[in-house]
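Biologist: I have a structure open on my screen and would like to learn how to read it. Could you take me through it step by step?

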Amino acid sequence: SPETASLIETSFTRALAHVAKLLGDKLYLFGARPSLADFGLAGQLGQLLSDPTPGAIIRAQAPNVVRW
């Protein structure tokens, strides 16, 4: 709804920034091999990436998350 849109977008971009920072230049969240966290988050972010609105946000703000 219009009342919650900014809150949802703000929390999404904040969480995305945390994931991008955690990834840095690594291939996986916690090192050289995928962990359960990689599988859990990749599924959720993969769905968001396929949607035009959140996908555009991810591509613009966190290209290393797209690569991951």
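Biologist: Let me begin with one helix: what do the buried residues of H3 pack against?

Modeller: Happy to start there, and please keep in mind that this is a predicted model. The buried residues of H3 pack against H1 (5–23), and also against H2 (36–50) and H4 (63–67).

Biologist: Which residues of H3 are buried?

Modeller: They are Pro54, Gly55, Ile57 and Ile58. Looking down the axis of H3, you find these buried residues within an arc of 160°, so they line one face of the helix. On the face turned away from that buried side sit the exposed residues Pro52, Thr53 and Ala60.

Biologist: Let me step back. How many helices and strands does the protein chain have?

Modeller: There are 4 helices and 0 strands, and along the sequence the pattern reads α-α-α-α. The C-alpha atoms fill a box of roughly 40 × 20 × 20 Å along the principal axes. Of the 68 residues in the chain, 24% are buried. For contacts, look at how far apart the partners lie in sequence: among those with a separation of 6 or more, 57% join residues 24 or more positions apart.

Biologist: Which residues make up the largest nonpolar core?

Modeller: For a core, look for buried nonpolar residues whose side chains are joined to one another. Here the largest one has 11 residues: Phe12, Leu16, Val19, Ala20, Leu23, Leu29, Leu45, Ile57, Ile58, Ala62 and Val65. Helices H1 and H3 each supply at least two of them, and the largest share, 5 residues, comes from H1.

Biologist: Taking one member of that core, what is Leu45 in contact with, beyond its neighbours within four places in sequence?

Modeller: Leu45 is in contact with Phe12, Val19, Ile58, Val65 and Trp68. Among these partners, Phe12, Val19, Ile58 and Val65 are also listed in the core.

Biologist: Now for empty space. Which residues line the largest pocket?

Modeller: The general idea first: rolling a probe the size of a water molecule over the atoms shows where empty space is left. In this model the largest pocket has a volume of about 150 Å³. Its lining is formed by Ala5, Ile8, Glu9, Phe12, Leu48, Thr53, Pro54 and Ile57. By class, that gives 6 nonpolar, 1 polar and 1 charged residues. H1 and H3 each supply at least two lining residues, with H1 giving the most, 4 residues. Phe12 and Ile57 appear in this lining and in the nonpolar core as well.

Biologist: One more residue, please. Is Gln61 buried or partly exposed?

Modeller: To decide, compare its relative accessible area with the cut-offs: under 20% is buried, over 50% is exposed, and partly exposed lies in between. Gln61 comes out at 47%, so it is partly exposed. Its place is in helix H3.

Biologist: And what does Gln61 touch, not counting residues up to four places away in sequence?

Modeller: Gln61 touches Thr13 and Leu16. Thr13 is found in helix H1, and its own contacts, counted in that way, are Ile57 and Gln61. Distances are worth reading alongside sequence separation. Gln61 and Ala15 are 46 residues apart in sequence and 11 Å apart in space, C-alpha to C-alpha. For Thr13 and Asn64, the values are 51 residues in sequence and 14 Å in space, again C-alpha to C-alpha.

Terms used:
Residues are numbered from 1 along each chain as its sequence is written. This is a predicted model: local features need pLDDT of at least 70, side-chain atom pairs count only at pLDDT 80 or more; totals for chains, interfaces and linings use all residues. Side-chain values use heavy atoms; hydrogens and water are left out. A nonpolar core is a set of buried Ala, Val, Leu, Ile, Met, Phe, Trp, Tyr and Cys residues joined through side-chain atoms within 4.5 Å. Buried means under 20% relative accessible area, exposed over 50%, partly exposed in between (1.4 Å probe, protein chains only). Contact means heavy atoms within 4.5 Å. On a 1 Å grid over the protein atoms alone, a cavity is a set of points where a 1.4 Å probe fits but cannot get out, and a pocket is an open set with protein on both sides within 12 Å along at least five of seven lines; lining residues have an atom within 4 Å of a point. Grid points are joined across faces, edges and corners, and a volume is the space filled by probe spheres set on the points. Ala, Val, Leu, Ile, Met, Phe, Trp, Tyr, Cys and Pro count as nonpolar, Asp, Glu, Lys and Arg as charged, and the others, Gly among them, as polar. The arc is that of the directions from the helix axis to the C-beta atoms.
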